[in-house]
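Colleague: Please take a close look at one part of this model, the metal site, and then set it in the context of the whole chain.

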Amino acid sequence: MKIDQVELRVVRLPFRSPFRTSFGEEHEKVAVLATVRADGLEGYGEGVMEVLPLYREESVAGALHLLRTALAPELLAVGFDHPADLIDRWACWRGNPMAKTTLELAVWDWYARREGVPLRTLLGGLRTEIPVGASLGMAALADTVANVGRHVEQGYRRVKLKIEPGWDVDLLRAVRAEFPRIELTVDANSAYTLEMLPTLQQIDEFDLHYIEQPLHWDDIADHAQLATHLRTPICLDESLTSPARVKAALDARACSVVNVKVGRVGGLEAVRRIHDLCVSRHVPMWCGGMLETGIGRAHNIHLATMPGFVYPGDTASASRTYHRDIVEQPLEAADGIMPVPAGAGIGVTLDRPFLDSVTESIEIIVPA
Ligand code: OSB
Ligand code: MG
């Protein structure tokens with residue numbers, strides 16, 4: 001198959017309210033959207049790089065450079081038989097999983113639309129709806145407790161709280177006092193070190209489903225150490241950047257739960273490989289989020305239908321994050337259940353006037 005052109009578009013969308021984590025406070029989304037065009041069809045992908053490398057080390061500027069100078073020209077020159085082939089073809093360019101995923105997702109969406117099937121079907125996902133939880137940014141204690149209550153009332157299947165040193169035990173005590181039995185998790189986004197073991201051990205008393213990425217954003221060894229001192233299961237997020245890294249983390253017993261973000265691990269074929277590994281080892285997985293627009297969110301919903309995604313993910317209603325989305329279909333959960341957009345590919349269409357109104361730049365790349 002030959003692709004006629006690749007569009008790279010940068011959009012800027014304000015959040016409804018600031019999202020605060022241990023690595024900073026964010027007020028808006030800057031997303032790179034890739035569109036591939038061929039045979040009168042379009043496919044869409046979204047990158048989760050940030051303007052500055054606060055979560056992992058990729059950035060919007062670096063990803064655009066790789067996309068326009070290497071990935072898109074290679075795809076346009078060579079074409080493809082199956083989207084699953086791209087990950088190995090692009091391995092010659094080291095790392096940069098988020099940049100690669102941006103374009104790989106667009107090819108998967110295009111391919112599914114051309115086959116006339118929902119993307120989930122290509123991934124082996126039989127479910128037409130998925131249970132979801134919500135990730136709450138840091139806020140004042142009383143506001144956080146009230147916010148947990150609102151999400152519980154809305155039926156979210158799990159609530160995740162962002163923590164950091166000094167904002168952990170008291171927070172959990174307050175939330176558990178009000179909600180002793182809800183499925184509760186915490187995400188430290190790499191804010192702790194092994195020296196803080198006594199604090200981390202106090203977290204054991206709150207009956208959390210897991211603790212997400214307590215230590216350094218690229219670490220496996222220290223997490224393996226930590227796991228021997230905690231009852232609470234460890235879930236890795238930032239550290240898992242490829243199928244090989246997931247295998248290394250499981251071999252080292254650094255985590256017993258896996259957060260899958262397609263951009264962080266290098267695309268949907270990488271997700272499939274991680275999925276099969278985790279299923280074979282009986283390791284529960286769930287689909288993380290990066291506050292995506294409707295394109296990335298729709299991809300997440302489709303991939304989370306794969307049978308190994310047994311815990312509720314972070315793919316909550318789009319309206320929690322945005323006043324208005326760039327896709328026409330509302331991606332909204334009801335009672336903690338998110339329906340999978342029906343139709344071919346990821347099942348969404350673009351709200352073109354709104355998309356254009358939030359677009360910062362567009363470039364079109366054609367075969368050389
Ligand atoms: O660690 O899961 C994370 C958002 C940005 C960067 C990292 C993370 C998050 C979230 C948001 O927790 C989840 C979502 O609602 O998309
Ligand atoms: Mg996380």
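Modeller: The metal site comes first, then the chain as a whole, then one cysteine.

This is a predicted model, in which local features need pLDDT of at least 70 and side-chain atom pairs count only at pLDDT 80 or more, while totals for chains, interfaces and linings use all residues. Residues are numbered from 1 along each chain as its sequence is written, chains are lettered from A and ligands numbered from 1 in the order in which they are written, and side-chain values use heavy atoms, with hydrogens and water left out.

The magnesium ion (ligand 2) has three residues as its protein donors: D187 (OD), E212 (OE) and D237 (OD), at 2.1 to 2.2 Å from the ion. Donors are N, O and S atoms within 2.8 Å of the metal (3.2 Å for Na, K and Ca); water is not among the atoms, so sites may look incomplete. Along the sequence, the donor residues follow the spacing D-x24-E-x24-D. D187 belongs to strand β7 (residues 184-187) and E212 to strand β8 (residues 211-212), so this pair ties together parts that are 25 residues apart in sequence. Helices (H or I, at least four residues) and strands (E, at least two) are DSSP runs, numbered from the N terminus. D187 is buried, at a relative accessible area of 0%, and E212 is buried at 0% as well. Buried means under 20% relative accessible area, exposed over 50%, and partly exposed in between (1.4 Å probe, protein chains only).

Now the whole chain. It contains 13 helices and 13 strands. Its radius of gyration is 20 Å, close to the 21 Å that the globule rule gives for 368 residues, so the chain is as compact as a globular protein of that length. That radius is taken over C-alpha atoms, and the globule rule is 2.2 Å times the number of residues to the power 0.38. The C-alpha atoms fill a box of roughly 60 × 40 × 35 Å along the principal axes. Of the 368 residues, 59% are buried. Among contacts (heavy atoms within 4.5 Å) with a separation of 6 or more, 72% join residues 24 or more positions apart.

Last, the cysteine. C278 sits in helix α11 (residues 268-280) and is buried, with 0% relative accessibility. Leaving out residues up to four places away in sequence, C278 touches V246, L250, V258, V283 and M285. A112 is 166 residues from C278 along the chain, and their C-alpha atoms are separated by 25 Å.
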